[in-house]
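Student: I would like a close look at one part of this model: the surroundings of the ligand. Please take me through that part and then through what it connects to.

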Amino acid sequence: MSSSKSKTWVLAEGKDVGELTLNNFKLEEREIPKEDNLKNGEILIKLERTAIEPFIKETMKNTKGFAPVTKPGDPIQGFGIGQVIESKNSKYPKGNVVWGFFPWSTYAIIQEQSVWSDITNYPKEYRSDFLTNLGMPGMAGYIGLMKYGNPKPGETILISSASSTVASVVAQIAKLKGLNVVGLTSSDERIRELKNLGFDALVNYKKYDLNGLSRAIKDATPKGIDIYWDNVGGDVSDSVLPHFNDQGRFIICGAMSMYNDPSTNKGERIYLHALDKQLNLKGFVVLYETAHFSETLKQLVEWKKAGKIKSGRIQEINGFENAPQALLDLFHHKFFGKPVMIV
Ligand SMILES: NC(=O)c1ccc[n+]([C@@H]2O[C@H](COP(=O)([O-])OP(=O)(O)OC[C@H]3O[C@@H](n4cnc5c(N)ncnc54)[C@H](OP(=O)(O)O)[C@@H]3O)[C@@H](O)[C@H]2O)c1
């Protein structure tokens with residue numbers, strides 16, 4: 001493919017609602033847009049990096065879920081960082097660097113509402129943080145915990161997919177707020193590293209069958225669970241249900257084990273657990289919490305500057321051609337840290 005053209009990954013015809021395969025993606029070559037192609041308010045960006053995220057699978061479904069739907073033939077979309085190379089928007093002049101919800105396209109025309117922030121004036125070393133702790137995962141962690149978790153000092157929070165970017169933010173904020181922080185993750189190696197990120201205790205859920213996992217969770221949370229921050233769903237979360245305290249808060253942030261799994265295993269039912277413990281269940285999606293973005297970013301940047309929140313771990317992926325494979329790999333525990341495509 002010629003480098004003077006723009007490359008775009010689009011959703012192939014014949015959408016797959018089950019497990020993703022490379023056949024769901026098609027690489028197209030297009031002319032790089034010119035200034036004349038821009039309407040008032042639009043900018044042209046050169047994509048620098050884009051995060052490979054679980055929610056992208058959700059945009060590829062036939063039916064509307066929690067994320068905007070991508071139609072066959074349209075570009076795959078995700079959160080990225082790009083340089084403005086042409087502009088018809090005075091807020092985002094040529095040369096600036098912006099972060100937002102951008103197509104998987106090496107060059108793309110972007111409308112103002114897709115830009116989440118102009119990050120030109122932040123230190124250069126913060127750039128990648130806008131795809132991790134200061135970005136959409138960080139915002140989800142902060143808004144979800146503070147708005148719906150109602151965290152109180154001395155309480156216990158259990159966080160699933162503990163090695164995820166969202167979990168690392170939630171754990172560090174929960175620790176700052178004086179909670180006992182427990183995590184569920186998939187390997188002993190991850191446990192060793194996560195101990196530096198706010199977790200007081202961690203359980204390797206892969207070591208147990210479901211009964212064993214339930215006992216291990218009970219042992220790791222001797223005072224019971226006040227907040228369960230769920231990123232994983234499925235069998236792992238079923239094992240958590242018996243261990244809530246009364247008035248526990250069950251924050252459903254994600255379902256890593258279920259997005260890419262077409263199986264029909266429906267697992268344990270939540271009803272009696274929710275009734276017995278008078279649980280507060282809250283599913284939330286950060287895309288619909290825009291009213292809190294500026295105060296959240298201010299707080300996260302303040303904590304970062306003060307060294308209270310460490311940067312999220314990143315796994316760099318080189319080669320724009322490799323983006324679809326990276327999305328497939330994301331659902332198979334291939335990454336420890338946010339996979340970021342360097343364009
Ligand atoms: N509600 C919202 O607004 C919102 C916003 C952002 C993200 N999220 C959700 O939050 C969760 C974490 O997102 P992220 O961006 O932080 O993810 P991430 O950094 O890419 O981490 C993903 C983690 O998921 C676990 N995992 C991977 N494959 C899995 C599988 N097949 N089954 C079970 N677990 C698997 C692994 O954790 P372990 O090895 O530790 O198990 C992995 O580190 C996702 O469910 C995502 O959809 C929700």
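Tutor: What follows starts at the ligand and works outward through the helices, the sheet and the domains.

This is a predicted model. The shell around the ligand holds 29 residues, and Ser163, Ser164, Thr185, Ser186 and Gly254 come nearest. Two elements give two or more residues each to that shell: α2 (136–149) and α3 (165–176). The largest share, three residues, comes from α2. By class, the shell has 16 nonpolar, ten polar and three charged residues.

Now the domains. The protein is divided into domain 1, which covers 5–132 + 313–342, and domain 2, which covers 136–287. Both reach the ligand: each of the two gives at least three residues to the shell. Their C-alpha centres lie 29 Å apart. Contact between them involves 14 residues of domain 1 and 14 residues of domain 2. On the domain 1 side of that contact, seven residues are nonpolar, three polar and four charged.

Next, α2. This helix packs against α8 (residues 293–305). Their axes are 10 Å apart, at an angle of about 100 degrees. That angle counts as roughly perpendicular, so α2 crosses α8 in that sense. From α2 come Gly138, Met139, Tyr142 and Ile143. They meet Phe293, Thr296, Gln299 and Leu300 of α8. Five residues of this contact are nonpolar and three are polar, with no charged residue.

Then the sheet. Six strands make an open sheet with parallel pairing. Their order is β10-β9-β8-β11-β12-β13. β10 (201–204) and β13 (280–283) are the edge strands; each has a single partner strand, so one side of each is left without a neighbour in the sheet. From one strand to the next, the twist averages 15 degrees. At the β13 edge, the partner is β12 (residues 244–252), paired in the parallel sense over four bridges. Within that pairing, Phe250 has Leu281 of β13 as its bridge partner.

The other shell helix, α3, packs on this sheet. There α3 touches β8 (156–159), β9 (180–185) and β11 (225–230). The direction of α3 makes about 165 degrees with that of β9.

To put the picture together: α2 gives residues to the ligand shell and also packs against α8. α3 gives residues to the shell and also packs on the sheet. The shell itself draws on domain 1 and domain 2.

Conventions:
Residues numbered from 1 in each chain as written. Predicted model: local features only at pLDDT ≥ 70, side-chain atom pairs only at ≥ 80, totals over all residues. Near = placed C-beta within 6 Å. Nonpolar A, V, L, I, M, F, W, Y, C, P; charged D, E, K, R; others polar. Domains from an automatic or database assignment. Contact = placed C-beta atoms within 7 Å. Axes fitted to C-alpha atoms, helices over the stretch in contact; angles between N-to-C directions. Parallel < 35°, antiparallel > 145°, perpendicular 65-115°, else oblique. Pairing = 2+ DSSP bridges.
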